[in-house]
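Please look over the sequence and the structure shown here before reading on. The paragraphs that follow begin with a single pair of side chains and then widen to the chain as a whole.

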Amino acid sequence: MVLPGHDYLPFSGCSPPSPGALPPPPHDRKGLGLGLAIVKRLALLMDAPLHLQSRPGRGTVFTLELPLGKPQQRMPESLPARAPLGLTLERKLIAVVEDEPAVRDGLEVLLKGWGATVAVFDTVSACRQWAEHASSQGQKPDLAIVDYRIDHQHTGIDAIHALREHFGAELPAIVVTGSTTAGLEEEAHRHDFHLLIKPVVPNKLRAMIAFKLGVRTR
């Protein structure tokens with residue numbers, strides 16, 4: 001949107017990175033922002049129009065239009081609380097490889113809330129070291145959940161290979177990604193994993209875990 005008398009420049013996205021460009025290392029990443037593709041899909045899912053205006057040398061403003069909410073009615077305290085629907089993951093060990101701290105912590109809390117034991121790692125190297133030690137102690141994860149882009153040297157596929165090297169090729173795996181590149185589906189078939197496209201809401205993740213493990217929801 002262009003304001004009268006101002007040189008705001010409308011745009012709906014960013015130019016793709018130059019070929020061969022590498023993402024910044026984890027310690028150089030600022031804030032906890034989401035990628036534009038993820039934000040766009042979230043806005044569409046919520047039916048919330050998203051606007052952007054930018055003025056060179058001054059900054060950028062994002063506007064998200066949301067309907068007015070209604071105050072929630074408090075339930076009488078005398079009524080018993082209904083047990084929430086969820087996934088039964090008691091006695092399940094899940095390995096998580098994710099380099100973004102906020103995403104990693106949130107996923108760990110969610111999985112533990114469903115009853116799982118969680119082993120979390122921010123690098124493929126740390127995951128590989130744990131797998132070597134755990135296998136020697138007789139431990140074996142029931143599932144791996146990994147981010148596709150872990151750092152500028154490794155992908156989630158590398159993490160899956162590191163885990164399966166010690167725990168067997170049959171280890172179920174889920175790869176989470178913000179990319180919709182068609183080639184990922186071919187990789188998923190070739191390396192035997194399932195894809196989840198960001199944003200990953202709990203219900204979608206819960207359904208995928210139930211499918212991969214053959215467990216029931218309660």
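**Salt bridges, sheet and helices**

In this predicted model, the side chains of Glu-108 and Lys-112 come together in a salt bridge, with 2.9 Å from N to O. Both residues belong to helix α2, which spans residues 101-113, and they lie four residues apart, about one turn of the helix. The two partners can be told apart by their accessibility: Glu-108 has a relative accessible area of 18% and is therefore counted as buried, since buried means under 20%, whereas Lys-112, at 44% relative accessibility, counts as partly exposed.

The structure holds four salt bridges, and another of them joins Asp-147 to Lys-198, whose closest N and O atoms are 3.2 Å apart. This pair links distant parts of the chain, for Asp-147 sits in strand β5 while Lys-198 lies in the loop between β7 and α6, with the two positions 51 residues apart. Asp-147 counts as buried, because its relative accessibility is 6%. A further salt bridge is formed by the side chains of Glu-186 and Arg-190, at 3.5 Å from N to O. Because these two residues are four residues apart in helix α5 (residues 183-191), about one helical turn separates Glu-186 from Arg-190, and both of them are exposed.

Strand β5, which carries Asp-147, leads into the sheet. Five strands make up this open sheet, in the order β4-β3-β5-β6-β7, and their pairing is parallel. At its edges are β4 (117-121) and β7 (194-197), each of which pairs on one side only. On average, and with direction ignored, neighbouring strands of the sheet are turned by 20° against each other. To follow one pairing in detail, take strand β6 (residues 173-177), which runs parallel to β7 and is joined to β7 by four bridges; within this pairing, Val-175 has Leu-195 of β7 as its bridge partner.

Helices α3 and α4 can be placed against these strands. Helix α3, residues 124-136, lies across β3 (93-97) and β4, and runs at about 135° to β4. Helix α4, residues 156-167, packs on the sheet and touches β3, β5 (143-147) and β6, its direction making about 155° with that of β5.

Which side chain of opposite charge is nearest to the buried Lys-212? Lys-212 is found in helix α6, which covers residues 202-213, and the nearest such side chain is that of Asp-192, 5.2 Å away. Lys-212 has no salt bridge, because a salt bridge requires a side-chain nitrogen of Lys or Arg within 4 Å of a carboxyl oxygen of Asp or Glu. Leaving aside residues up to four places away in sequence, Lys-212 touches Leu-143, Pro-172, Ala-173, Ile-174 and His-194.

Seen as a whole, the protein chain has six helices and seven strands, and from the N terminus on its elements run α-β-β-β-α-β-α-β-α-β-α-β-α. Of its 218 residues, 33% count as buried. Among the contacts in the chain with a separation of 6 or more, 64% come from residues 24 or more positions apart. The chain exposes about 14500 Å², of which carbon and sulfur atoms supply 56%.

Conventions: Residues numbered from 1 in each chain as written. Predicted model: local features only at pLDDT ≥ 70, side-chain atom pairs only at ≥ 80, totals over all residues. Heavy atoms only, no water. Pairing = 2+ DSSP bridges. Axes fitted to C-alpha atoms, helices over the stretch in contact; angles between N-to-C directions. Contact = heavy atoms within 4.5 Å. Buried < 20%, exposed > 50% of the residue type's maximum accessible area, 1.4 Å probe, protein only. Lys, Arg positive; Asp, Glu negative; His and termini not counted. Areas by Shrake-Rupley, 256 points an atom, 1.4 Å probe, with all protein chains shown as cover.
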